[in-house]
Amino acid sequence: MTSGAVKKAVRVVAALIYRPGDDSRFLVQQRLPGGSRGLLWEFPGGKVEPGESEPEALVRECREELDVTLHVGRQLWAGRHEYPDLTVDLTLYAARLESGEPKTLGAQALAFLTPEQMRTLPFCEADLPPLEELVAGRLGPLR
């Protein structure tokens with residue numbers, strides 16, 4: 001990147017989706033190989049498109065990538081991460097599955113894991129701060 005070049009900035013939303021019937025496990029996904037940050041793990045979600053609210057984007061992304069209907073709750077965490085090629089403004093929301101079983105339409109793998117289990121996986125750097133907040137129990141009541 002040349003000096004003075006402006007990095008692309010994206011607004012990204014992610015969902016902290018607890019496993020139905022088990023509030024100790026949350027859905028995470030492994031990114032597809034070959035793309036940016038391929039095979040790293042992350043909370044499900046994606047980019048906010050122009051004209052969309054963050055909850056609308058989260059519902060759309062989870063429908064497209066997981067084939068589920070999501071109920072989006074309150075905002076749990078927000079922050080910015082600077083990758084060498086990209087600036088990510090990430091917002092994490094509490095969410096629950098309303099219908100459907102998560103499918104790997106836009107991911108290499110899916111898993112319902114405890115926060116401690118998540119820490120053993122290679123996560124995208126932008127997802128590490130909210131993961132640490134989750135492990136520490138600082139995200140508050142999730143429902």
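V12 stands opposite K47 in strand β4, and that pairing is a handy way into this fold. Helices (H or I, at least four residues) and strands (E, at least two) are DSSP runs, numbered from the N terminus, and two strands are said to pair if DSSP finds at least two bridges between them.

A word on conventions before going on. This is a predicted model, in which local features need pLDDT of at least 70 and side-chain atom pairs count only at pLDDT 80 or more, while totals for chains, interfaces and linings use all residues. Residues are numbered from 1 along each chain as its sequence is written, and side-chain values use heavy atoms, with hydrogens and water left out.

**Strand pairing**

Here are the pairings of β1 and β6, each with an example of residues that face each other.

| Strands | Sense | Bridges | Example |
|---|---|---|---|
| β1 (residues 8-19) and β6 (residues 86-99) | parallel | 10 bridges | V13 opposite T91 |
| β1 and β4 (residues 45-47) | antiparallel | three bridges | V12 opposite K47 |
| β1 and β2 (residues 22-30) | antiparallel | two bridges | R19 opposite D22 |
| β5 and β6 | antiparallel | 11 bridges | L70 opposite L97 |

Two of these pairings are also hairpins. β1 and β2 have two residues between them, and G21 in that turn has a positive phi of about 85°. In the hairpin of β5 and β6, three residues lie between the strands. β6 therefore takes part in a parallel pairing with β1 and an antiparallel one with β5. It is also mostly covered, since 10 of its 14 residues are buried; buried means under 20% relative accessible area, exposed over 50%, and partly exposed in between (1.4 Å probe, protein chains only).

**Nonpolar cores**

Next comes the interior. A nonpolar core is a set of buried Ala, Val, Leu, Ile, Met, Phe, Trp, Tyr and Cys residues joined through side-chain atoms within 4.5 Å. The largest one has 26 residues, and L16, V28, F43, V88, L92 and M118 have the most contacts inside it. β1, β2, β5 (69-82), β6, β7 (109-113) and α3 (128-135) are the elements that give two or more residues to this core. A second, separate core of 16 residues includes L58, L66, V68 and A95.

V88 in β6 is the bridge partner of V10. Leaving aside neighbours within four places in sequence, V88 is in contact (heavy atoms within 4.5 Å) with V10, V12, G79, R80, H81, Y83 and A126.

**Rings and charges**

There is one aromatic pair, where rings of Phe, Tyr and Trp (its six-membered ring) pair if their centres lie within 6.5 Å, and planes under 30 degrees apart count as stacked, over 60 as edge-to-face and the rest as tilted. F43 and F123 form this tilted pair, at 5.8 Å centre to centre and 55° between the planes. The pair links distant parts of the chain: F43 belongs to the loop between β3 (41-42) and β4, F123 to the loop between α2 (115-118) and α3, and the two are 80 residues apart. F43 counts as buried because its relative accessibility is 3%, and F123 is buried too, with a relative accessible area of 6%.

Y83 has a different kind of partner: the charged end of R37 sits over its ring, 3.8 Å from the centre. The rule here asks for NZ of Lys or CZ of Arg within 6 Å of the ring centre and within 35 degrees of the ring normal.

**Cysteines**

The structure holds zero disulfides, taking a disulfide as a pair of cysteine sulfur atoms within 2.5 Å. The sulfur of C124 is 15 Å from the closest cysteine sulfur, in C62, so the separation is too far for a bond. C62 counts as buried at 1% relative accessibility, and C124 counts as buried at 2%.

**Loop residues**

Most residues other than glycine have a negative phi. L39 has a positive phi of about 70° although it is not a glycine, and D67 likewise has a positive phi of about 60°. L39 lies in the loop between β2 and β3 and is partly exposed, with a relative accessible area of 38%. D67 is found in the loop between α1 (54-66) and β5, and is partly exposed at 37%.

T114, in the loop between β7 and α2, counts as buried because its relative accessibility is 14%. Not counting residues up to four places away in sequence, T114 touches S24 and R25.
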